[in-house]
Amino acid sequence: MNGFVPSFTDASPVPCRTLYNGSKIPAIGLGTFGSDHVSAEDVAGVVKEALKLGYRYIDCAACYGNEKEVGRELKNALDAGLPRGELFILSKVWNDCHAPEKLIEACKKSISDLQAGYLDCYLIHWPFPNYHAPHCDVNSRNPDSRPYIHEEFMASWRAMEQLVKEGLVKNIGVSNVTIPKLELILRDARIKPAVNEMELHPTMQQGQLFQYCLDHGIQPIGYSPIGSPARPERDRTPEDICDIEMPEVVAIAQAHKVHPAVVCVKWAYQRGQIPIPFTTKASNALSNLKAILDDSLTAEEMDILASCERNCRLIKGQVFLWKGAGSWRDLWDTDGSIPGWNGYKG
Ligand SMILES: NC(=O)c1ccc[n+]([C@@H]2O[C@H](COP(=O)([O-])OP(=O)(O)OC[C@H]3O[C@@H](n4cnc5c(N)ncnc54)[C@H](OP(=O)(O)O)[C@@H]3O)[C@@H](O)[C@H]2O)c1
């Protein structure tokens, strides 16, 4: 495949967005979750190619089980002349490391594995300290699982703030939170979250949360931007809709002579979130990068895609439910309040 950027010392063609504190973040990133079936080496191989193409934001997480392999490719790129300041390396603390001392340790391990010196952004991956074993089935429940307990979350957040103070991390953020949780977090944070990584694709637009984030200076990062067609079995239910088969998405793709996945990426970029598509193929990484650089969707096409909203949450998170919880909807505060237990009052 032709290199999109001739060498690491040339500037990436990817435009940046500006976070509330002035930090720059590339307007598209590369996902690295192999959905439990793409090997760490294969993911690292795509990272290597994507960096050559001009990707600078790599969306990592300890629980993806591939930070060492990804880190090796980051180091190779840095050694080949890519300035560290151009990279945006994001990682996330996993649910079994929310205790403040464990969180700091987990962050240091990610920094070491990723060989990045520091992280550009660190997120609390889920607002629940609920561990589930890798590859577990959808009905598996950890008896130690608990609902969102704000005081505990804030203890973790203080550790996140400490990471910023110590210079280990430039920005901190949240993921998989809701407006009721953000209201509490924003009330009590000393350093406000810079980003919220949330599920965003044409059939799951989360309009209220998206707007809330923008109104509060929090940059939305859109995960599963293509509707995660290769997601693990535990994240599939019969009522799920496939974004890249939606007639509206397919028709717009035909008009632009691109794959429907590319339309999803264009929509995400033009709407204002930062899409982080995953792929196993360098050719698709290139298509996704080009998606934001040329041939924009028209205002009419954006309106058509806005009408594709079906509130179709794909990553429901059932495995994080605690004993006594109702359905997976309890994780998402769908009635506007945070479900708890034992008289907990949010
Ligand atoms: N914060 C969180 O809790 C959270 C949760 C889920 C995901 N994430 C992040 O979001 C990233 C992306 O989400 P995802 O992995 O669930 O799914 P996704 O990016 O929506 O979909 C990835 C799938 O789309 C296909 N694809 C990508 N580009 C394509 C193109 N141009 N043409 C055709 N097909 C294309 C890929 O197939 P090929 O391999 O064949 O290209 C792959 O199967 C993850 O990797 C992870 O970094 C975060």
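**The ligand shell, the core and helix α1**

Two helices, α8 (260–271) and α9 (282–293), each supply at least two residues of the shell around the ligand, with helices (H or I, at least four residues) and strands (E, at least two) taken as DSSP runs numbered from the N terminus. This is a predicted model, in which local features need pLDDT of at least 70 and side-chain atom pairs count only at pLDDT 80 or more, while totals for chains, interfaces and linings use all residues. Residues are numbered from 1 along each chain as its sequence is written.

Around the ligand there are 31 residues, of which Gly31, Ile226, Ser228, Phe278 and Thr280 come nearest; a residue counts as near if its C-beta atom, placed from the backbone, lies within 6 Å. The helix that gives the most to this shell is α9, with three residues.

Turning to the interior, the largest nonpolar core has 96 residues, and those with the most contacts inside it are Val47, Tyr55, Ile89, Val93, Tyr122 and Leu289. To this core α8 gives the most, with eight residues. Such a core is a set of buried Ala, Val, Leu, Ile, Met, Phe, Trp, Tyr and Cys residues joined through C-beta atoms within 7 Å, where buried means that 20 or more other C-beta atoms, placed from the backbone, lie within 10 Å of a residue's own.

Helix α1 (residues 40–53) has 14 residues, and among those that are buried are Val43, Val46, Val47, Glu49 and Lys52. The buried residues of α1 pack against β3 (29–31), β4 (57–59), α2 (67–79) and α9, contact being C-beta atoms, placed from the backbone, within 7 Å. Just after α1, Gly54 takes a positive phi of about 120 degrees.

Technical notes. A residue is buried if 20 or more other C-beta atoms lie within 10 Å of its own, exposed if 12 or fewer, and partly exposed in between; C-beta atoms are placed from the backbone. The expected span of a helix is 1.5 Å times one less than its number of residues. Two residues are in contact if their C-beta atoms, placed from the backbone, lie within 7 Å.
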